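Got the viewer open and a selection box ready? Let's take a short walk, one stop at a time.

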Amino acid sequence: MASRSGIVFEDFFPSMVDKLGAEGFMKELSNGFQLLVDEDKGLITFESLKRNSKLLGFQDMTDDEARCMLREGDLDGDGALNEMEFCTLMFRLSPGLMMNSRKWLVEAIVSEV
């Protein structure tokens, strides 16, 4: 899938869920959040996203792309992403996760019973 900026995004999230299970996948999303977070604020800020995105191979992320990501995921309007907003954004960016989310929810509920 190509974005408007020409960056090709391959959606590996569904195969990660298949391999790790729902709980393992959520742990990996949490780990991703921790890589990008501003340690002092406990949130992903513009500055922490720009600084830490290089760790994930996004050294070419422009300021506009970083701001767009923050705006897209910022549900409470504070200009930063908390862990829930980050996880929600990651789900929304993955068409495969959105299509299979109902199935995984049912599996998670059944495994708890």
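Start by selecting D63. With a relative accessibility of 35%, D63 counts as partly exposed, because that class runs between the under 20% of buried residues and the over 50% of exposed ones. Keep in mind as you look around that this is a predicted model.

Now add K50 to the selection and show both side chains. D63 and K50 form a salt bridge, at 3.1 Å from N to O. One partner, D63, belongs to helix α3 and the other, K50, to helix α2, so the bridge ties together parts that are 13 residues apart in sequence. How many salt bridges does a search of the whole structure find? Just 1.

Next, stay with helix α3 and select residues 63-73. Which residues of this helix are buried? Colour A66, M69, L70 and G73: these are the buried ones. Turn the view until you look down the axis of α3, and you'll see the buried residues fall within an arc of 95°, so they line one face of the helix. Bring up α2 and α4 (83-92) too, as the buried residues of α3 pack against both. Then swing round to the other side of α3, where D64 and R71 are exposed.

From there, move on to D76, in the loop between α3 and α4. Is D76 buried or partly exposed? Its relative accessible area is 47%, so D76 counts as partly exposed. Show its surroundings and leave out residues up to four places away in sequence: D76 touches N82 and E85.

For a change of scenery, switch on the surface and select L35, L55, L56 and F58. Together they make a nonpolar surface patch of about 380 Å². Pick out L35 from this group: it sits in helix α1 (residues 13-36). L35 is partly exposed, with a relative accessible area of 39%.

Last stop: colour everything by pLDDT. The protein averages 79, and 75% of its residues reach 70 or more. Which element has the highest mean pLDDT, and which the lowest? Helix α2 (residues 46-52) comes out highest at 93, while helix α5 (residues 95-112) is lowest at 65. You've met α2 already on this tour: it is the helix that holds K50, the salt-bridge partner of D63.

Methods: Residues numbered from 1 in each chain as written. Predicted model: local features only at pLDDT ≥ 70, side-chain atom pairs only at ≥ 80, totals over all residues. Heavy atoms only, no water. pLDDT = per-residue confidence, 0-100. Helix = DSSP H or I, 4+ residues; strand = E, 2+ residues; numbered from the N terminus. Patch = residues over 30% accessible without salt bridge, like charges linked within 9 Å, V, L, I, M, F, W, Y side chains within 5 Å. Areas by Shrake-Rupley, 256 points an atom, 1.4 Å probe, with all protein chains shown as cover. Salt bridge = Lys/Arg side-chain N within 4 Å of Asp/Glu carboxyl O. Buried < 20%, exposed > 50% of the residue type's maximum accessible area, 1.4 Å probe, protein only. Arc of directions from axis to C-beta. Contact = heavy atoms within 4.5 Å.
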